Amino acid sequence: MVWDHEAEEPQLSDWFNPKKRPDVKTTTDWFAPIIWEGTYNRQVLEKYYKRRNITIGLAVFATGKFVDQYLQQFIQSANKHFMSGYNVIFYILMDDFSKLPPIELGALRTFKLCIVFRRHEWKDLNYIYMRNLHMYVLEHIQHEADFLFSMTVNQIFRSDFGVEALGKSVAQLHGWWYFGHAKNFPYERSPNSAAFIPFGEGDFYYRGAIFGGTPYEVLAFIEEYKKGVQNDARRGFKSTYERYLNKYLFINKPTKLLSPEYNWDPNFRPPPQIKRVKIECQSKSI
């Protein structure tokens with residue numbers, strides 16, 4: 001990685017114009033931008049990031065039937081639309097490399113296979129994935145990538161997912177719940193759980209299918225997630241990955257939020273606020 005310290009980071013106002021989308025919420029209460037189509041000037045960001053010669057990692061977990069159903073489509077569509085024109089490393093976490101489908105990548109794109117280790121007491125697939133991702137980030141990803149996204153494999157990139165999505169801590173707004181009422185958010189409501197968020201609290205409901213930021217921030221989340229799962233297990237309690245993520249992001253506010261345009265369920269007709277779908281999710285996530 002080559003860092004150009006001469007390149008000054010653009011101010012938010014240089015590339016982000018929330019007034020362009022008066023139909024939606026474009027800034028959080030803590031002044032983080034919510035990225036919608038029309039609000040950003042990618043050219044300003046391109047000028048900055050091209051000079052920094054950044055590398056972006058995209059980690060995906062594919063095991064069992066998810067390999068056959070989704071992996072090839074995920075990688076092929078990401079190859080076309082994810083961070084086009086930048087160095088990208090796809091980190092594919094698998095438990096059986098012999099199932100890897102043929103993968104053809106364009107210029108500046110490479111992939112690395114990471115074997116998934118399991119222990120018999122680990123039952124939850126998300127927990128297995130996060131334990132393994134944590135290990136690989138510590139081992140080598142943090143030295144190879146400036147930014148890292150973790151995504152579920154049951155998604156198809158439909159249009160450009162570019163540098164406007166980069167940030168220290170990047171969260172994905174859940175399409176369904178963005179348009180719902182906060183009082184109905186499916187947070188963990190049991191006070192016994194580490195994922196607990198009381199009624200009347202919380203900012204947004206975030207989708208677990210996409211999370212990103214600097215490798216350091218991704219590590220920080222995984223460490224809290226692991227701690228929460230282990231503490232709950234000791235008390236005979238279990239919550240979901242998405243609820244632990246929501247608790248983490250409630251306490252540690254994300255610096256950038258992706259609108260539901262970045263992850264939309266094609267089973268639902270997009271409302272007028274959804275101008276351009278970046279990613280379609282294909283069914284229930286793992």
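The legends below describe close-up views of a predicted model.

**View 1. Residues under the UniProt "binding site" annotation.** In an unreviewed UniProt entry, the annotation "binding site" covers H174, E242 and D265. H174 belongs to the loop between strand 7 (169–173) and helix 5 (175–178), whereas D265 lies in the loop between strand 9 (256–258) and strand 10 (279–281).

**View 2. Surroundings of H174.** The relative accessibility of H174 is 12%, so this residue counts as buried, the cut-off being under 20%. Beyond its neighbours within four places in sequence, H174 makes contact with Y205, Y206, R207 and E242. Of these partners, E242 is also covered by the "binding site" annotation of the UniProt record.

**View 3. Surroundings of D265.** With a relative accessibility of 21%, D265 counts as partly exposed. Its side chain reaches the backbone nitrogen of N267 at 2.9 Å.

**View 4. Course of helix 3.** Helix 3 comprises 17 residues (residues 65–81). At 1.5 Å a residue, a span of 24 Å is expected, and the end C-alpha atoms are 24 Å apart, which agrees. The helix nevertheless bends by about 45 degrees at L71. Just after helix 3, M83 adopts a positive phi of about 50 degrees.

**View 5. Buried residues of helix 3 and their cover.** The buried residues of helix 3 are F66, V67, Y70, L71, F74, I75, S77, A78, N79 and H81; L71 is also the site of the bend. The elements covering these buried residues include strand 2 (55–62), strand 3 (87–94), strand 4 (109–115), helix 4 (125–144), strand 5 (147–152) and strand 6 (155–157).

Notes:
Residues numbered from 1 in each chain as written. Predicted model: local features only at pLDDT ≥ 70, side-chain atom pairs only at ≥ 80, totals over all residues. Heavy atoms only, no water. UniProt positions renumbered as here; feature names shortened; annotations may be inferred. Helix = DSSP H or I, 4+ residues; strand = E, 2+ residues; numbered from the N terminus. Buried < 20%, exposed > 50% of the residue type's maximum accessible area, 1.4 Å probe, protein only. Contact = heavy atoms within 4.5 Å. Polar contact = N/O pair within 3.5 Å; in protein donor to acceptor, adjacent residues only side chain to side chain. Expected span 1.5 Å × (residues − 1). Bend = angle between axes of the 7 residues up to and from the residue.
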